[in-house]
Amino acid sequence: MSDNELRDLRQPTAASTSPPTITFPCDYPIKVVGDAAEDFTATVCQVVLRHDASFDASNIEVVESRNARFQSVRLTLRATGEAQLKALFAELKATGRVHMVV
């Protein structure tokens, strides 16, 4: 492609079609969003601890939505592999209280 040609950004390039690679183990930040409740953060932390025994809950950040209907819990865990992350996400969703894990 020359400098004067325009590229159609609506079409994915070969580089953008493959997911990013993650080297495990690593520190892995996630955000868990659910309905606001007094025990929501504790519930999230209990689930994360089952998947990462070294998880330190002192570094979490809880953010309320503008109307205080939802909460997001931002945390970093030690990820050891894709299977661990899939199991964690599945268990978080299985609580029935989590709407989204990012």
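Student: Which residues are exposed on the other side of α3, away from its buried ones?
Tutor: This is a predicted model, where local features need pLDDT of at least 70, side-chain atom pairs count only at pLDDT 80 or more, and totals for chains, interfaces and linings use all residues. Residues are numbered from 1 along each chain as its sequence is written, and side-chain values use heavy atoms, without hydrogens and water. Exposed means over 50% relative accessible area, buried under 20%, partly exposed in between (1.4 Å probe, protein chains only). The exposed residues there are Glu82, Ala83, Lys86 and Ala94.

Student: Why do the buried residues of α3 line one face?
Tutor: The buried residues are Gln84, Leu85, Leu88 and Leu92. An α-helix has 3.6 residues a turn, so residues three or four places apart point the same way. The arc is taken from the directions from the helix axis to the C-beta atoms. The buried residues of α3 line one face because, down the axis, they fall within an arc of 95°.

Student: What do those buried residues pack against?
Tutor: Contact here means heavy atoms within 4.5 Å. Helices (H or I, at least four residues) and strands (E, at least two) are DSSP runs, numbered from the N terminus. The buried residues of α3 pack against β1 (26–35), α2 (40–51), β3 (70–79) and β4 (98–101).

Student: In what order do the elements run from the N terminus?
Tutor: The protein chain has 3 helices and 4 strands. From the N terminus, the order is α-β-α-β-β-α-β.

Student: Which element supplies the largest share of the largest nonpolar core?
Tutor: A nonpolar core is a set of buried Ala, Val, Leu, Ile, Met, Phe, Trp, Tyr and Cys residues joined through side-chain atoms within 4.5 Å. The largest has 17 residues, with Val44, Leu75 and Leu92 touching the most other members. At least two residues come from each of β1, α2, β3 and α3. The largest share, 5 residues, comes from α2.

Student: Which residues does Leu75 touch?
Tutor: Leu75 is among the core members that touch the most others. Leaving out residues up to four places away in sequence, Leu75 touches Tyr28, Pro29, Ile30, Val44, Val48, Phe55 and Ile60.

Student: How many disulfides does a search of the whole structure find?
Tutor: Cys26 counts as buried at 15% relative accessibility. Cys45 is buried too, with a relative accessible area of 11%. A disulfide is a pair of cysteine sulfur atoms within 2.5 Å. The number of disulfides found is 0.
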